[in-house]
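Got a minute to walk through a fold? Here is an informal briefing to keep beside the viewer.

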Amino acid sequence: MAGWTKEETDFPNYYTAAVLVRRGQPLRKFYDWTWFARERNYAGSELRLGGYTPHTPLTMLPMVPLARFPVQRAKQIWLACNLIFLGAAVWLMSRMTRVRMESIWLLAFCGFFSLRNNFLYGQYYVILLLLLTLSVYLLERRKYWLAGAMSGVAAGLKLYSGPLALFFAARRQWKALLGMLATALLLAGLAIAIFGAADVRFYATQILPRSLEGSSIDPYAAGNPTFATLLRRAFTRDTELNPNPLWNAPGVYFFLRSFVSITIVVFLGLGAGRKRASERHDFALFVIAAMLLSTSVSSYSYLILLLPVVLLLEEAGAWESVFLVSAYVLLGLPLHPLALFPKVWLLAGLFVVAGMASWREMSWEWVAIGLAFAATFGLSTAEWQMRSYAKEPAQQFERVGARRDSIFSSYPVVAPAGVFYQSMGKDRFVLRWLHENRDEGLLYEGNALLPRLAADGRSVEFELIDEEGSERMLFDPATRKTAALQGEAPRDWEHSVVSPDGKWMALERAQDGPTHIWLREAASGTERELTGGNCNSFAPAWELDSRSFIFASDCGRAYGLPSLYRARVGEKEN
């Protein structure tokens, strides 16, 4: 009932994106947290924080017909559809296995928290479960093209079913593979028709790579139980989000992240290619692996595992059945301590137990070759990533305004009274004020966005978004009073700024890739790149002495969720 009457967090993200599609807004802006927060308010959401990262360009597509309704009415329609989708998935599972429908429903309800949170938050995983169930159902009835098409639709909406392309190839189901690839191409064409080729290319080159490496929300959060998060917390330090790793060794992290992922993929391919297990068994194993490879997992994600568990139960022995059911139930529960990542190890155990039928009697030579390939790939990618990592701001510049667990600090403004910047609070964006060795939060009834220096050279303007709309506001540090101003609030930040003494310009530049900060000397016109890495640095603001400037960067963090750094003029890269 709570999901039916309360808005909650996730559904408004899909709904807002669907509203934006109907309005013809550009896709690349969907991934801007500040812009998206403003648009959520205009779409009618009462919740102030939310984002579209890391979703695909078409994730919102099923919501587009619902965008004509108010947000809570749209959610109620979505929940009613999800009940139908869930019933259809359970019915299909009972039709293609010897597991009775009542038993499947009982198993689904045993994963209570996963099922509950799907409906509470208006999430997406019931329809994914139905699409994957349809895929294996059609596959067993030799409807190969349609089976592949269902997997292609699932991959276009969410990335979980991507590994099924390898399943079809390893099992030599070429029609299914072609059906999946053809559907993926059609969906890519649809995305280009809606958003244009440039914005789809932006997703493919900027959002997708960061999502696949685990940089979509908070890459250090133990509440995101994935191998990528576990390894990053163990081996990579971040002043705010992960100040005390087990061992600060980013090279080890880069190696293990690639090694683990490639090892899973290699043994999936080797097992399925040998065809020692049934087709449905290997399909189930690939769905489990897709979850294990995922870089973004929440409690509701585990609902997808209902399908592979039901498929595996039909062939499992007594003890294996107990483990399968127990694992499914436990994965849906809030297991603690989070810092030990119990769900990652439990899911890995489920993968190994399910995979034994495919790997049985595999020769040690093939095992050695597979591990050697994964290790070689891991070493080569780690070397390349370390070169990029060395150019990131955290390896060269001083952090500004660092606070424990601060996930967003951006758009700095330097005033005589101190440094102001936009930050993400518990339930809204707030202004923060660095002055007199303090970092003070300025809280308003709404989202405080995009601060900038006012015309008087000492006050700060910003946009305030609340239920009544957008307002241009002015904060005076001398009196500590905030007043409304006439006119429209600025909707962008300054992408290039000249130093107060006129000798330098700090500017953003994106050359078919991430945005970086460049420094130009006014007298000679010479330029040099100050920041690097496969990440973005932006929003420079000069300090009053013209000797340094402050900027935002999402390097080492999630896409679009930056922290602040200080670069001094004359300071060169390490």
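What follows covers the sheets, one helix, the aromatic contacts and some backbone oddities.

Bear in mind that this is a predicted model. Two open sheets of four strands are described here, one with the order 6-7-8-9 and one with the order 1-16-15-14. Aromatic contacts get their own section, since the structure holds 39 aromatic pairs.

**The 6-7-8-9 sheet**

- The strands of this open four-stranded sheet pair in the antiparallel sense.
- Its edges are strand 6 (447–453) and strand 9 (481–485), each of which pairs on one side only.
- On average, and ignoring direction, neighbouring strands here are turned by 30° against each other.
- Five bridges hold the antiparallel pairing of strand 6 with strand 7 (residues 460–466).
- To find that register in the viewer, start from Asn447, which stands opposite Ile465 in strand 7.
- Helix 4 (residues 33–42) lies across strand 6, strand 7 and strand 8 (469–476). It runs at about 40° to strand 7.

**The 1-16-15-14 sheet**

- This is also an open sheet of four strands with antiparallel pairing.
- Strand 1 (398–400) and strand 14 are the edge strands, and each pairs on one side only.
- Neighbouring strands in this sheet are turned by 35° against each other on average, direction ignored.
- Strand 14 (residues 537–542) pairs with strand 15 over four bridges, in the antiparallel sense. Ser537 has Ser553 as its bridge partner in strand 15.
- Strand 14 and strand 15 make a hairpin with five residues between them. In the turn, Ser546 has a positive phi of about 65°.
- On to the next pairing: strand 15 and strand 16 (residues 563–568) are antiparallel over six bridges. Here the bridge partner of Ser553 is Ser563 in strand 16.

**How strand 15 is enclosed**

- Strand 15 (residues 548–553) has six of its six residues buried, so it is largely enclosed by the rest of the structure.
- Both of its faces are covered. One side carries the buried residues Ser548, Ile550 and Ala552, and the other carries Phe549, Phe551 and Ser553, also buried.

**Helix 6 and its cover**

- Ile104, Leu107 and Ala108 are buried in helix 6 (residues 101–110). These residues cover an arc of only 100° around the axis, which puts them on the same side of helix 6.
- What covers the buried residues of helix 6 includes helix 5 (71–96), helix 7 (112–120), helix 16 (306–313) and helix 17 (318–331).

**Aromatic contacts**

- The total comes to 39 aromatic pairs. Trp78 and Phe85 have ring centres 6.4 Å apart and planes at 75°, so this pair is edge-to-face.
- Trp78 counts as buried, with 3% relative accessibility. Phe85, at 21% relative accessibility, counts as partly exposed, because the cut-off for buried is under 20%.
- Ring pairs also link a cluster made up of Phe30, Tyr31, Trp35, Phe36, Tyr52, Phe195 and Tyr203.
- Charges sit over rings too. Arg141 lies over the face of Tyr137, at 3.8 Å from the ring centre. The charged end of Lys158 is placed over the ring of Tyr124, 5.6 Å from its centre.

**Backbone oddities**

- Some background first: most residues other than glycine have a negative phi, and most peptide bonds are trans.
- Thr53 and Pro54 are joined by a cis peptide bond, with omega at about 10°. Pro54 is in the loop between helix 4 and helix 5.
- His336 to Pro337 is another cis peptide bond, with omega near 0°. Look for Pro337 in the loop between helix 17 and helix 18 (342–359).
- Arg142 is not a glycine, yet it has a positive phi of about 60°. Arg142 is in the loop between helix 8 (125–140) and helix 9 (144–157), and at 62% relative accessibility it counts as exposed.
- Ala539 also has a positive phi, near 55°. Ala539 is in strand 14, and it counts as buried at 4% relative accessibility.

Key:
Residues are numbered from 1 along each chain as its sequence is written. This is a predicted model: local features need pLDDT of at least 70, side-chain atom pairs count only at pLDDT 80 or more; totals for chains, interfaces and linings use all residues. Side-chain values use heavy atoms; hydrogens and water are left out. Two strands pair if DSSP finds at least two bridges between them. Axes are lines fitted to C-alpha atoms, for helices over the stretch in contact, and angles run from 0 to 180 degrees between N-to-C directions. Contact means heavy atoms within 4.5 Å. Buried means under 20% relative accessible area, exposed over 50%, partly exposed in between (1.4 Å probe, protein chains only). Rings of Phe, Tyr and Trp (its six-membered ring) pair if their centres lie within 6.5 Å; planes under 30 degrees apart count as stacked, over 60 as edge-to-face and the rest as tilted. A charge sits over a ring if NZ of Lys or CZ of Arg is within 6 Å of the ring centre and within 35 degrees of the ring normal. The arc is that of the directions from the helix axis to the C-beta atoms.
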